[in-house]
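Hello,

Here is the structure I promised to pass on. Please have a look at it first, and then read my notes below.

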Amino acid sequence: MALLSLLCAAIPGVGFSLLLMLIAFARGNRILLYTGMAALLYHLSRYYYVLDLSLLFLYKSTLLLGCGLLLLGLRWWLLRTSAEAGQTS
């Protein structure tokens, strides 16, 4: 989570959204989790349209691709650890 926050620190609001999702996951609150997901999608979309660089510079597209891959990796890890926790209990 810290790695994801550091890599996506250039995008305002991502840290808040990730924190909201982490709290929701820890408490098992689906509504709060969906709110965090919506906030994350909003902030990533807003960043994409507000950034004044074209895609030719590859900075914006690489940053968004990196954040997307990290989010997919985090999802995979959370699913794996929750499945392992379910098997051991």
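Helix α4 makes the biggest contribution to the lining of the largest pocket, giving 7 residues. Bear in mind as you read that this is a predicted model. The pocket itself holds about 540 Å³ of space. Its lining counts 17 residues, and M21, L33, M37, R75 and L78 are the ones closest to the centre. Two or more lining residues come from each of α2 (14-27), α3 (30-50) and α4 (59-88). What classes of residue make up the lining of this pocket? You will find 15 nonpolar residues there, along with 1 polar and 1 charged.

Stepping back to the whole chain, the protein has 4 helices and 0 strands, so to give you the order as read along the sequence, the pattern is α-α-α-α. Of its 89 residues, 21% count as buried. The accessible surface comes to about 6,500 Å², and carbon and sulfur atoms account for 70% of that. As for how the chain meets itself, take the contacts between residues at least 6 apart in sequence: 47% of them join residues at least 24 apart.

Next, the interior. The largest nonpolar core is made of 11 residues, namely I11, V14, L18, M21, A24, L33, L40, L44, Y47, L63 and C67. Helices α2, α3 and α4 each supply at least two residues of this core. M21 and L33 are worth a second look on your screen, since both belong to this core and both are also among the residues closest to the centre of the largest pocket.

Two single residues also caught my eye. The first topic is S17, which lies in helix α2. Is S17 buried or exposed? S17 counts as buried, because its relative accessibility is 0%, under the 20% cut-off. Which residues does S17 touch, apart from its neighbours within four places in sequence? The contacts are with G36, A39, L40 and H43, and L40 is also a member of the largest nonpolar core.

The other is T35, found in helix α3. With a relative accessibility of 41%, T35 counts as partly exposed, because that value falls between the 20% and 50% limits. T35 and L20 are 15 residues apart along the chain, and 8.0 Å separates their C-alpha atoms.

Happy to talk any of this over whenever it suits you.

Best wishes

Technical notes: Residues are numbered from 1 along each chain as its sequence is written. This is a predicted model: local features need pLDDT of at least 70, side-chain atom pairs count only at pLDDT 80 or more; totals for chains, interfaces and linings use all residues. Side-chain values use heavy atoms; hydrogens and water are left out. Buried means under 20% relative accessible area, exposed over 50%, partly exposed in between (1.4 Å probe, protein chains only). Contact means heavy atoms within 4.5 Å. Accessible areas come from the Shrake-Rupley method with a 1.4 Å probe; for residues, only the protein chains shown count as cover. On a 1 Å grid over the protein atoms alone, a cavity is a set of points where a 1.4 Å probe fits but cannot get out, and a pocket is an open set with protein on both sides within 12 Å along at least five of seven lines; lining residues have an atom within 4 Å of a point. Grid points are joined across faces, edges and corners, and a volume is the space filled by probe spheres set on the points. Ala, Val, Leu, Ile, Met, Phe, Trp, Tyr, Cys and Pro count as nonpolar, Asp, Glu, Lys and Arg as charged, and the others, Gly among them, as polar. A nonpolar core is a set of buried Ala, Val, Leu, Ile, Met, Phe, Trp, Tyr and Cys residues joined through side-chain atoms within 4.5 Å.
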